[in-house]
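Visitor: I am new to this structure. Please show it to me and take my questions one at a time.

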Amino acid sequence: MALNLPFEPPVPHMLAKAAAAIPTGDGWLYEPKWDGFRCLVFFDGDAVYLQSRDLKPLGRYFPELETGLKAALPSAAVIDGEIVIAGEHGLDFEALQMRIHPTASRVSLLAAATPAAFVAFDLLAAVGDDLRQAPLRERRLRLATFLAKVAPPVFVTPATADAALVAAWFEGAGLDGVIAKRLDDVYRPGARSMVKIKHLRTVDCVVGGFRWNRGEEGRSVGSLLLGLYDADGVFHHVGHTSSFKAAAKRELVALLAPYLSEAGGDGFGGGRTPGGPSRWTGGRDMSWLRLRPELVCEVTFDYLQGSSTGSGRSPRFRHAATFRHSRPDKPARECGFDQIATTPPYELGQIFAAPP
(Lines give C-alpha, C1' and ligand atoms only; values in the text may rest on other atoms or scores of the structure.)
Protein backbone atom coordinates (compact mmCIF):
# COMPACT_ATOMS: atom_id res chain seq x y z
CA MET A 1 0.00 0.00 0.00
CA ALA A 2 1.13 3.58 -0.68
CA LEU A 3 2.18 5.44 2.49
CA ASN A 4 3.68 8.88 2.96
CA LEU A 5 6.86 7.65 4.69
CA PRO A 6 10.62 7.63 3.94
CA PHE A 7 10.18 4.01 2.79
CA GLU A 8 7.28 1.62 2.33
CA PRO A 9 6.57 -2.01 3.21
CA PRO A 10 7.62 -4.70 2.93
CA VAL A 11 10.83 -4.45 4.95
CA PRO A 12 12.43 -7.65 6.33
CA HIS A 13 12.85 -7.63 10.10
CA MET A 14 16.28 -7.60 11.70
CA LEU A 15 16.62 -11.07 13.24
CA ALA A 16 18.40 -12.79 16.13
CA LYS A 17 20.65 -15.82 16.38
CA ALA A 18 20.45 -18.18 19.34
CA ALA A 19 23.10 -18.30 22.05
CA ALA A 20 23.51 -20.46 25.14
CA ALA A 21 24.39 -17.60 27.51
CA ILE A 22 23.77 -13.89 27.84
CA PRO A 23 26.72 -11.99 26.28
CA THR A 24 28.53 -9.63 28.64
CA GLY A 25 30.87 -6.68 28.34
CA ASP A 26 30.57 -3.12 27.14
CA GLY A 27 28.30 -2.07 24.32
CA TRP A 28 25.36 -4.42 24.92
CA LEU A 29 21.74 -3.46 25.46
CA TYR A 30 19.38 -6.09 26.87
CA GLU A 31 15.63 -6.39 26.43
CA PRO A 32 13.03 -8.98 27.43
CA LYS A 33 12.21 -11.44 24.64
CA TRP A 34 8.50 -10.99 24.11
CA ASP A 35 6.31 -14.01 23.48
CA GLY A 36 4.22 -12.72 20.59
CA PHE A 37 4.06 -11.97 16.88
CA ARG A 38 6.88 -9.85 15.48
CA CYS A 39 5.45 -6.81 13.69
CA LEU A 40 6.55 -3.68 11.84
CA VAL A 41 4.10 -0.81 12.24
CA PHE A 42 3.95 1.67 9.33
CA PHE A 43 1.96 4.82 10.24
CA ASP A 44 1.92 7.90 8.00
CA GLY A 45 -0.29 9.99 10.25
CA ASP A 46 -3.45 8.68 8.65
CA ALA A 47 -3.16 5.02 7.58
CA VAL A 48 -1.73 2.12 9.59
CA TYR A 49 -0.15 -0.99 8.06
CA LEU A 50 0.94 -3.96 10.21
CA GLN A 51 3.57 -6.19 8.60
CA SER A 52 4.36 -9.71 9.83
CA ARG A 53 7.76 -11.36 9.92
CA ASP A 54 6.94 -13.19 6.68
CA LEU A 55 6.20 -9.80 5.03
CA LYS A 56 2.41 -10.24 5.03
CA PRO A 57 -0.30 -7.88 6.34
CA LEU A 58 -1.49 -8.54 9.90
CA GLY A 59 -4.06 -5.79 10.33
CA ARG A 60 -7.16 -7.86 9.50
CA TYR A 61 -6.42 -10.11 12.48
CA PHE A 62 -5.91 -7.22 14.96
CA PRO A 63 -8.50 -4.54 14.16
CA GLU A 64 -8.35 -3.17 17.72
CA LEU A 65 -4.62 -2.51 17.28
CA GLU A 66 -5.11 -0.62 14.04
CA THR A 67 -7.58 1.65 15.83
CA GLY A 68 -5.46 1.89 18.98
CA LEU A 69 -2.24 2.69 17.12
CA LYS A 70 -3.87 5.53 15.20
CA ALA A 71 -5.03 7.06 18.47
CA ALA A 72 -1.81 6.45 20.43
CA LEU A 73 1.03 7.31 18.03
CA PRO A 74 1.95 11.03 18.07
CA SER A 75 2.92 11.27 14.38
CA ALA A 76 4.17 9.32 11.36
CA ALA A 77 6.69 6.56 12.08
CA VAL A 78 7.92 3.07 11.31
CA ILE A 79 8.31 1.01 14.49
CA ASP A 80 9.59 -2.51 15.10
CA GLY A 81 8.01 -4.46 17.91
CA GLU A 82 5.87 -7.35 19.04
CA ILE A 83 2.13 -7.94 19.21
CA VAL A 84 1.25 -9.60 22.53
CA ILE A 85 -1.80 -10.59 24.53
CA ALA A 86 -1.55 -10.54 28.33
CA GLY A 87 -3.63 -13.28 29.94
CA GLU A 88 -4.33 -14.42 33.46
CA HIS A 89 -1.20 -16.58 33.58
CA GLY A 90 1.21 -14.42 31.58
CA LEU A 91 1.62 -13.64 27.93
CA ASP A 92 -0.85 -15.79 26.03
CA PHE A 93 0.61 -16.99 22.73
CA GLU A 94 -2.28 -19.40 22.22
CA ALA A 95 -4.72 -16.47 22.21
CA LEU A 96 -2.58 -14.87 19.49
CA GLN A 97 -2.69 -18.01 17.38
CA MET A 98 -6.48 -18.04 17.60
CA ARG A 99 -6.53 -14.62 15.91
CA ILE A 100 -5.24 -16.05 12.63
CA HIS A 101 -8.76 -16.94 11.59
CA PRO A 102 -10.41 -16.51 8.18
CA THR A 103 -13.75 -15.31 9.58
CA ALA A 104 -13.95 -11.56 10.30
CA SER A 105 -16.78 -12.00 12.81
CA ARG A 106 -14.70 -14.48 14.82
CA VAL A 107 -11.71 -12.12 14.82
CA SER A 108 -13.96 -9.26 15.95
CA LEU A 109 -15.27 -11.29 18.89
CA LEU A 110 -11.75 -12.27 19.96
CA ALA A 111 -10.49 -8.68 19.59
CA ALA A 112 -13.13 -7.59 22.10
CA ALA A 113 -12.56 -10.50 24.49
CA THR A 114 -8.73 -10.61 24.41
CA PRO A 115 -7.42 -7.27 23.08
CA ALA A 116 -3.81 -7.19 21.94
CA ALA A 117 -1.05 -4.72 22.79
CA PHE A 118 1.98 -3.58 20.82
CA VAL A 119 5.40 -3.56 22.51
CA ALA A 120 7.78 -1.21 20.66
CA PHE A 121 11.53 -1.81 20.75
CA ASP A 122 13.04 -0.06 17.70
CA LEU A 123 12.37 3.08 15.64
CA LEU A 124 13.16 2.83 11.93
CA ALA A 125 11.67 6.14 10.82
CA ALA A 126 10.15 9.22 12.47
CA VAL A 127 9.45 12.85 11.59
CA GLY A 128 10.38 12.12 7.99
CA ASP A 129 13.82 10.69 8.90
CA ASP A 130 15.04 7.25 7.80
CA LEU A 131 16.85 5.94 10.89
CA ARG A 132 17.91 2.52 9.65
CA GLN A 133 21.56 3.57 9.30
CA ALA A 134 21.64 5.27 12.71
CA PRO A 135 23.23 3.27 15.57
CA LEU A 136 20.89 1.54 18.02
CA ARG A 137 21.83 3.94 20.84
CA GLU A 138 20.44 6.81 18.76
CA ARG A 139 17.37 4.87 17.62
CA ARG A 140 16.62 3.88 21.22
CA LEU A 141 16.82 7.49 22.42
CA ARG A 142 14.60 8.63 19.57
CA LEU A 143 12.12 5.84 20.39
CA ALA A 144 11.95 6.83 24.07
CA THR A 145 11.38 10.48 23.14
CA PHE A 146 8.89 9.71 20.39
CA LEU A 147 6.76 7.48 22.65
CA ALA A 148 7.36 9.33 25.92
CA LYS A 149 3.65 10.05 26.43
CA VAL A 150 2.21 7.07 24.62
CA ALA A 151 -0.78 5.25 26.09
CA PRO A 152 -2.06 1.66 25.78
CA PRO A 153 -2.30 -0.37 23.64
CA VAL A 154 1.28 0.80 22.88
CA PHE A 155 4.15 0.14 25.29
CA VAL A 156 7.90 0.71 25.06
CA THR A 157 9.95 -2.30 26.05
CA PRO A 158 12.30 -1.88 29.01
CA ALA A 159 15.99 -1.98 28.11
CA THR A 160 19.00 -2.12 30.39
CA ALA A 161 22.68 -2.92 30.81
CA ASP A 162 22.03 -4.01 34.42
CA ALA A 163 22.89 -7.72 34.73
CA ALA A 164 20.67 -8.20 37.80
CA LEU A 165 17.64 -6.81 36.01
CA VAL A 166 18.39 -8.96 32.97
CA ALA A 167 18.41 -12.05 35.20
CA ALA A 168 14.99 -11.11 36.57
CA TRP A 169 13.57 -10.77 33.07
CA PHE A 170 15.14 -14.06 32.10
CA GLU A 171 13.50 -15.95 34.94
CA GLY A 172 10.06 -14.50 35.31
CA ALA A 173 6.86 -12.83 34.24
CA GLY A 174 6.00 -15.29 31.49
CA LEU A 175 8.67 -13.85 29.22
CA ASP A 176 10.44 -15.98 26.66
CA GLY A 177 14.05 -15.05 27.44
CA VAL A 178 16.37 -12.14 26.68
CA ILE A 179 17.46 -10.29 23.53
CA ALA A 180 20.92 -8.72 23.42
CA LYS A 181 21.75 -5.98 20.91
CA ARG A 182 24.92 -4.03 20.10
CA LEU A 183 24.46 -0.33 20.78
CA ASP A 184 26.55 0.65 17.77
CA ASP A 185 24.70 -1.59 15.31
CA VAL A 186 22.60 -0.18 12.48
CA TYR A 187 19.27 -1.77 11.55
CA ARG A 188 20.07 -4.69 9.25
CA PRO A 189 16.92 -6.02 7.53
CA GLY A 190 16.97 -9.80 7.24
CA ALA A 191 20.32 -10.18 9.06
CA ARG A 192 20.72 -12.14 12.31
CA SER A 193 22.58 -9.34 14.07
CA MET A 194 20.92 -9.65 17.47
CA VAL A 195 21.36 -12.43 20.04
CA LYS A 196 18.50 -14.35 21.68
CA ILE A 197 18.89 -16.39 24.84
CA LYS A 198 15.93 -18.61 25.63
CA HIS A 199 15.01 -19.90 29.05
CA LEU A 200 15.49 -23.68 28.73
CA ARG A 201 14.12 -26.02 31.40
CA THR A 202 14.31 -29.77 31.97
CA VAL A 203 11.46 -32.05 33.00
CA ASP A 204 10.84 -35.78 33.33
CA CYS A 205 8.06 -36.91 31.00
CA VAL A 206 6.24 -40.18 30.38
CA VAL A 207 6.24 -41.65 26.86
CA GLY A 208 2.57 -42.27 26.05
CA GLY A 209 2.85 -42.97 22.34
CA PHE A 210 4.92 -42.53 19.21
CA ARG A 211 4.75 -41.79 15.50
CA TRP A 212 6.57 -43.70 12.77
CA ASN A 213 9.26 -42.00 10.74
CA ARG A 214 7.64 -40.88 7.51
CA GLY A 215 7.97 -43.60 4.88
CA GLU A 216 9.61 -46.06 7.32
CA GLU A 217 6.66 -47.52 9.20
CA GLY A 218 7.72 -50.52 11.27
CA ARG A 219 11.42 -49.75 10.75
CA SER A 220 12.10 -46.35 12.30
CA VAL A 221 10.43 -44.18 14.98
CA GLY A 222 9.89 -40.56 14.03
CA SER A 223 8.97 -39.06 17.41
CA LEU A 224 8.07 -39.94 20.97
CA LEU A 225 4.85 -38.44 22.34
CA LEU A 226 5.29 -37.07 25.84
CA GLY A 227 2.89 -36.67 28.73
CA LEU A 228 2.57 -35.36 32.29
CA TYR A 229 0.06 -36.00 35.08
CA ASP A 230 -2.04 -33.21 36.55
CA ALA A 231 -2.99 -32.87 40.23
CA ASP A 232 -6.00 -35.15 39.70
CA GLY A 233 -3.89 -37.93 38.20
CA VAL A 234 -5.07 -37.31 34.62
CA PHE A 235 -2.44 -37.99 31.96
CA HIS A 236 -2.06 -35.18 29.38
CA HIS A 237 -0.11 -35.06 26.14
CA VAL A 238 2.33 -32.12 26.32
CA GLY A 239 4.45 -32.47 23.19
CA HIS A 240 6.98 -34.61 21.41
CA THR A 241 10.68 -35.17 20.93
CA SER A 242 12.34 -36.28 17.71
CA SER A 243 15.94 -35.34 18.50
CA PHE A 244 17.42 -38.76 17.69
CA LYS A 245 19.98 -39.83 15.13
CA ALA A 246 18.88 -42.26 12.40
CA ALA A 247 20.39 -45.31 14.13
CA ALA A 248 18.69 -44.46 17.43
CA LYS A 249 15.32 -44.11 15.67
CA ARG A 250 15.69 -47.64 14.34
CA GLU A 251 16.71 -48.98 17.76
CA LEU A 252 13.59 -47.44 19.32
CA VAL A 253 11.36 -49.87 17.38
CA ALA A 254 12.49 -52.83 19.49
CA LEU A 255 12.63 -50.78 22.69
CA LEU A 256 9.01 -49.62 22.39
CA ALA A 257 7.50 -52.90 21.14
CA PRO A 258 6.86 -54.42 24.63
CA TYR A 259 4.92 -51.29 25.67
CA LEU A 260 2.47 -51.18 22.76
CA SER A 261 -1.09 -50.75 24.03
CA GLU A 262 -4.41 -51.67 22.49
CA ALA A 263 -6.45 -48.77 21.16
CA GLY A 264 -8.63 -47.37 23.90
CA GLY A 265 -6.40 -48.81 26.60
CA ASP A 266 -3.47 -47.17 28.29
CA GLY A 267 -1.63 -44.11 27.09
CA PHE A 268 -3.34 -40.80 26.36
CA GLY A 269 -7.09 -40.65 26.45
CA GLY A 270 -8.28 -39.21 29.75
CA GLY A 271 -6.70 -35.80 29.21
CA ARG A 272 -5.25 -33.94 26.28
CA THR A 273 -4.39 -36.26 23.37
CA PRO A 274 -2.01 -35.86 20.43
CA GLY A 275 -3.66 -33.79 17.72
CA GLY A 276 -4.69 -34.88 14.26
CA PRO A 277 -4.57 -32.94 11.00
CA SER A 278 -5.37 -29.22 11.26
CA ARG A 279 -4.72 -25.97 9.42
CA TRP A 280 -1.33 -25.89 11.18
CA THR A 281 -0.28 -29.42 10.14
CA GLY A 282 -1.62 -29.41 6.57
CA GLY A 283 -1.87 -32.83 5.00
CA ARG A 284 0.85 -34.49 7.10
CA ASP A 285 0.12 -37.94 8.52
CA MET A 286 -0.59 -37.32 12.23
CA SER A 287 -1.52 -40.89 13.20
CA TRP A 288 0.12 -42.34 16.29
CA LEU A 289 0.36 -45.55 18.35
CA ARG A 290 -0.42 -45.86 22.04
CA LEU A 291 2.10 -47.07 24.61
CA ARG A 292 1.54 -48.09 28.19
CA PRO A 293 2.67 -45.04 30.21
CA GLU A 294 5.66 -46.63 31.89
CA LEU A 295 8.75 -45.30 30.10
CA VAL A 296 10.21 -42.08 31.53
CA CYS A 297 12.71 -39.75 29.91
CA GLU A 298 14.23 -36.37 30.69
CA VAL A 299 13.78 -33.67 28.07
CA THR A 300 14.60 -29.99 27.69
CA PHE A 301 11.95 -27.50 26.57
CA ASP A 302 11.82 -23.76 26.14
CA TYR A 303 8.22 -22.78 26.82
CA LEU A 304 5.01 -24.27 28.22
CA GLN A 305 1.87 -22.64 26.87
CA GLY A 306 -1.52 -22.93 28.47
CA SER A 307 -2.10 -23.56 32.15
CA SER A 308 -2.23 -26.68 34.29
CA THR A 309 -4.43 -24.97 36.87
CA GLY A 310 -7.87 -23.68 36.17
CA SER A 311 -7.62 -22.17 32.70
CA GLY A 312 -9.62 -24.90 30.99
CA ARG A 313 -6.84 -25.42 28.47
CA SER A 314 -4.39 -28.30 28.77
CA PRO A 315 -0.78 -27.07 28.76
CA ARG A 316 1.77 -28.23 26.22
CA PHE A 317 5.26 -27.49 24.96
CA ARG A 318 5.35 -24.74 22.37
CA HIS A 319 8.16 -26.37 20.39
CA ALA A 320 9.62 -29.86 20.10
CA ALA A 321 11.48 -30.94 23.23
CA THR A 322 15.08 -32.17 23.18
CA PHE A 323 15.72 -35.70 24.48
CA ARG A 324 18.44 -35.86 27.13
CA HIS A 325 18.33 -39.43 28.50
CA SER A 326 16.07 -42.18 29.80
CA ARG A 327 15.00 -42.26 33.46
CA PRO A 328 14.43 -45.97 34.31
CA ASP A 329 14.77 -45.06 38.00
CA LYS A 330 11.75 -42.75 38.03
CA PRO A 331 8.15 -43.97 38.47
CA ALA A 332 5.89 -42.67 35.75
CA ARG A 333 3.28 -41.44 38.24
CA GLU A 334 5.82 -39.01 39.69
CA CYS A 335 6.03 -37.15 36.37
CA GLY A 336 3.60 -34.32 36.99
CA PHE A 337 3.16 -30.67 36.16
CA ASP A 338 4.34 -29.88 39.67
CA GLN A 339 7.91 -30.33 38.39
CA ILE A 340 7.52 -27.08 36.46
CA ALA A 341 7.55 -23.80 38.33
CA THR A 342 4.52 -21.76 37.31
CA THR A 343 4.60 -18.02 36.70
CA PRO A 344 2.28 -16.00 38.95
CA PRO A 345 -0.42 -13.94 37.26
CA TYR A 346 0.60 -10.38 36.37
CA GLU A 347 -0.59 -7.30 34.57
CA LEU A 348 1.27 -6.12 31.49
CA GLY A 349 1.89 -2.76 33.15
CA GLN A 350 3.87 -4.44 35.94
CA ILE A 351 6.58 -5.42 33.45
CA PHE A 352 6.96 -1.81 32.40
CA ALA A 353 7.25 -0.60 35.99
CA ALA A 354 10.92 -1.66 35.81
CA PRO A 355 13.35 1.26 35.45
CA PRO A 356 14.30 2.00 31.79
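Visitor: How much area does the chain expose, and what share of it do carbon and sulfur atoms supply?

Guide: This is a predicted model, in which local features need pLDDT of at least 70, side-chain atom pairs count only at pLDDT 80 or more, and totals for chains, interfaces and linings use all residues. Residues are numbered from 1 along each chain as its sequence is written, and side-chain values use heavy atoms, with hydrogens and water left out. Accessible areas come from the Shrake-Rupley method with a 1.4 Å probe, and for residues only the protein chains shown count as cover. The chain exposes about 16800 Å², and the share from carbon and sulfur atoms is 53%.

Visitor: What percentage of the residues of the chain count as buried?

Guide: Buried means under 20% relative accessible area, exposed over 50%, and partly exposed in between (1.4 Å probe, protein chains only). The chain has 356 residues, and the buried part comes to 51%.

Visitor: How many aromatic pairs does the structure hold?

Guide: Rings of Phe, Tyr and Trp (its six-membered ring) pair if their centres lie within 6.5 Å; planes under 30 degrees apart count as stacked, over 60 as edge-to-face and the rest as tilted. By that rule the structure holds 10 aromatic pairs.

Visitor: Where in the chain do F37 and F93 lie, and how many residues apart are they?

Guide: F37 and F93 form an edge-to-face pair, 5.5 Å centre to centre with 90 degrees between the planes. Helices (H or I, at least four residues) and strands (E, at least two) are DSSP runs, numbered from the N terminus. The pair links distant parts of the chain: F37 is in strand β3 (residues 37-43) and F93 in helix α2 (residues 93-99), 56 residues apart.

Visitor: Why is the pair of F244 and F323 called tilted?

Guide: The ring centres of F244 and F323 are 4.9 Å apart. Their planes stand at 45 degrees, so the pair is tilted.

Visitor: Is F323 buried or partly exposed?

Guide: Its partner F244 has 15% relative accessibility and therefore counts as buried. F323 has a relative accessible area of 22%, so F323 is partly exposed.

Visitor: Which residues form one aromatic cluster?

Guide: The cluster joins rings from four residues named here. They are Y229, F235, F268 and W288.
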